[in-house]
Amino acid sequence: MNTTHAKLAKRLPTWLYKVGAQLYIDRVYPRHIFIETTATCNLSCSYCPREQISQDMDFGLFREILDEASRYGPRSFSLHLFGEPFLYARLFEACSYVKHRNPRHTILLTTNGTKINQQIDDLVSSGVDQVLWTWRREARFREATLLKLRKWGKFRVRFIDEITPQKARDEWRDWPNVEQRRIHNYGGDIDIQAITGRPTASIKTRWPCYHLWLAPAVSWNGDILICCADPHKKEVIGHFPDVSLAEVWQGDRLNVIRESHLSGEYNGICSKCDVWREYPDIFFQFQRRKMSGNRTPSTLQPSILPQVL
């Protein structure tokens, strides 16, 4: 999601990108869903705020989420949140189920890369649309694995500016799919300055976070979160299947959070978060307004976006 939006934002005039992004918003059901198939991870990265948890999503729960989403047409899914997806014993069964429900669904996996050697053949035949590897020195790829990944063409290497050493960048300079991004603070849960040893640059201009209109998350136990940057579940807005994703997506609670962003008020987990910087602004200035205390989310909501949405 981040890569696609960033590329489009660079290629298109600002106004055209914003119109296109808003036309892509679906008010009825989210376009992209992060599903935490497992919360288990085999590394302890300095920039990850999640404590070690060993929990998998029940496969029946996973199927229920996919069954609901599939009623709304093709969607995209990240089968990860804070765990390492390749540690999920039923990962490829999950991928198969996604494509079974709708061949036009797309699948993204973000990984630390440590298990790819053992699972490379299953991966390239799984129907996964993209794997994003955030560089880690613990991942050692065999030459045969690299040849298969290069031929497969869906393996993208990500460097985190403040973390990845220059030597690693040099080693991967010839890889066809590479991207860079800044470290972010996961809703203020990590101290970037403590990790990098450099002061964090202040940002005066802030814009609404695109996650609220495009990409919520479901944790391993069914808790529905407003985005993928909430490691300690500070903003649980529902529990699946007690409440459907559609109900949460259209509900007053999420609309209140959206309205606060549009009015320049960032509360709760959003107050200290800097994840929004990684995604282009999808709104025009005229769409942002100060909220009046006597107006309700239901009266405000139709004015958020142009009527073409």
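Two strands are taken as paired if DSSP finds at least two bridges between them. In this predicted model, strand β5 (residues 155-160) and β6 meet that criterion, with 4 bridges in the parallel sense. Within this pair, Phe-159 lies opposite Gln-180 of β6. The connection between the two strands involves helix α7 (residues 166-171). Together, β5, α7 and β6 form a β-α-β unit of right-handed sense.

Both strands belong to an open sheet of 9 strands. The strand order is β6-β5-β4-β3-β2-β1-β7-β8-β9, and the pairing is mixed. The edges are formed by β6 (178-181) and β9 (236-239), each of which pairs on one side only. The two faces of β6 differ in cover. Glu-179 and Arg-181 make up the covered face. Val-178 and Gln-180 make up the uncovered face. Gln-180 is thus also the residue opposite Phe-159.

Elsewhere in the sheet order, β2 is followed by β1. Strand β1 (residues 32-35) runs parallel to β2 (residues 76-78), and 3 bridges join them. Phe-34 has Ser-78 in β2 as its bridge partner.

Nonpolar packing was examined next. In soluble globular proteins, nonpolar side chains tend to be buried together. The largest nonpolar core of the model holds 84 residues. Those touching the most other members are Phe-62, Leu-79, Leu-123, Phe-155 and Trp-172. Contacts of Phe-62 were listed without its neighbours within four places in sequence. They comprise Ile-35, Thr-37, Met-57, Leu-79, Ala-94, Tyr-97 and Val-98. One of these, Leu-79, is itself among the core residues that touch the most other members.

Notes: Residues numbered from 1 in each chain as written. Predicted model: local features only at pLDDT ≥ 70, side-chain atom pairs only at ≥ 80, totals over all residues. Heavy atoms only, no water. Core = buried A, V, L, I, M, F, W, Y, C linked by side-chain atoms within 4.5 Å. Buried < 20%, exposed > 50% of the residue type's maximum accessible area, 1.4 Å probe, protein only. Contact = heavy atoms within 4.5 Å. Right-handed = clockwise from strand over helix to strand, strands pointing away.
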